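Work through the following exercises with the sequence and the structure open beside you. Each task is followed by a solution that goes step by step.

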Amino acid sequence: MKRTGFLYRVFDLYYDGFRNMRLGKTLWAIILIKLFIIFAILKVFFFPNFIGEHADKGEEPEYVASEMIQRSE
């Protein structure tokens, strides 16, 4: 049975490309490690939960709306 559908051909193109690459696997590993560092480690240390600290539980949208209105005036 020959598969000629568009989605199958796209999948086959990427699958074959990733299977045969050598340097690309190392580059993808570096990219994934950098993304982990950016989203996991830096978020914890440099981006505190400011809204969670200043608004009551469940009242976050009202806090943001009131701050936006106050700052625009």
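**Exercise 1.** Does W28 count as buried, partly exposed or exposed, and at what relative accessibility?

*Solution.* Begin by keeping in mind that this is a predicted model. The relative accessibility of W28 is 42%. Because the partly exposed class lies between the limits of 20% and 50%, W28 counts as partly exposed.

**Exercise 2.** Determine how many aromatic pairs there are, and describe the geometry of each.

*Solution.* A pair of aromatic rings is described by the distance of the centres and the angle of the planes.

Step 1. The count comes to two aromatic pairs. One of them joins F11 and Y15, whose ring centres are 5.8 Å apart and whose planes make an angle of 20 degrees. Because planes under 30 degrees apart count as stacked, the pair of F11 and Y15 is called stacked.

Step 2. Next, place these two residues in the fold: F11 and Y15 are four residues apart in helix α1, which covers residues 6-20, so about one helical turn separates them. With a relative accessible area of 52%, F11 is exposed, whereas Y15, at 45%, counts as partly exposed.

Step 3. F18 and W28 also form an aromatic pair, with 6.0 Å from centre to centre and 65 degrees between the planes. Because an angle over 60 degrees counts as edge-to-face, the pair of F18 and W28 is given that name.

Step 4. F18 belongs to helix α1 and W28 to helix α2 (residues 23-46), so this pair ties together parts that are 10 residues apart in sequence. F18 counts as partly exposed, at 39% relative accessibility, and W28 is likewise partly exposed, at 42%.

**Exercise 3.** Check the span of helix α2 against the expected value, and find where a kink in α2 is centred.

*Solution.* Step 1. Helix α2 has 24 residues and, at 1.5 Å a residue, should span 34 Å. The expected span uses one less than the number of residues, which is why the multiplication is not made with the full count.

Step 2. The end C-alpha atoms of α2 are 33 Å apart, and this agrees with the expected span.

Step 3. Now look along the helix: α2 has a kink of about 25 degrees, and this kink is centred on I37. L35 is also found in helix α2, and with a relative accessible area of 39% L35 is partly exposed.

**Exercise 4.** Which side chains meet in salt bridges, and in which helices do they lie?

*Solution.* Side chains of opposite charge can pair when their charged atoms come close.

Step 1. A search of the whole structure finds two salt bridges. In one of them the side chains of R19 and D16 meet, at 2.5 Å from N to O. Both residues lie in helix α1, three residues apart, which is about one turn of the helix. R19 is partly exposed at 48%, and D16 counts as partly exposed at 31%.

Step 2. The side chains of E67 and R71 also meet in a salt bridge, here with an N to O distance of 3.6 Å. E67 and R71 both lie in helix α4 (residues 60-72), where they are four residues apart, about one turn of the helix. E67 is partly exposed, with a relative accessible area of 22%, whereas R71 is exposed, with 67%.

**Exercise 5.** Decide whether the protein as a whole is a compact globule or more spread out.

*Solution.* Step 1. The protein has four helices and zero strands, and from the N terminus on its elements run α-α-α-α.

Step 2. The radius of gyration is 23 Å, well over the 11 Å that the globule rule gives for 73 residues, so the protein is more spread out than a compact globule.

Step 3. Along the principal axes, the C-alpha atoms fill a box of roughly 65 × 30 × 25 Å. Buried residues make up 5% of the 73 residues, and the accessible surface comes to about 7,200 Å², of which 66% belongs to carbon and sulfur atoms.

Step 4. Two distances add detail to this picture. L35 and E53 are 18 residues apart in sequence and 26 Å apart in space, C-alpha to C-alpha. F50, found in helix α3 (residues 50-54), has its C-alpha atom 10 Å from that of E60, with their positions 10 residues apart along the chain.

Methods: Residues are numbered from 1 along each chain as its sequence is written. This is a predicted model: local features need pLDDT of at least 70, side-chain atom pairs count only at pLDDT 80 or more; totals for chains, interfaces and linings use all residues. Side-chain values use heavy atoms; hydrogens and water are left out. Rings of Phe, Tyr and Trp (its six-membered ring) pair if their centres lie within 6.5 Å; planes under 30 degrees apart count as stacked, over 60 as edge-to-face and the rest as tilted. Buried means under 20% relative accessible area, exposed over 50%, partly exposed in between (1.4 Å probe, protein chains only). The bend at a residue is the angle between axes fitted to the seven residues ending there and the seven starting there. The radius of gyration is taken over C-alpha atoms; the globule rule is 2.2 Å times the number of residues to the power 0.38. Accessible areas come from the Shrake-Rupley method with a 1.4 Å probe; for residues, only the protein chains shown count as cover. A salt bridge is a side-chain nitrogen of Lys or Arg within 4 Å of a carboxyl oxygen of Asp or Glu.
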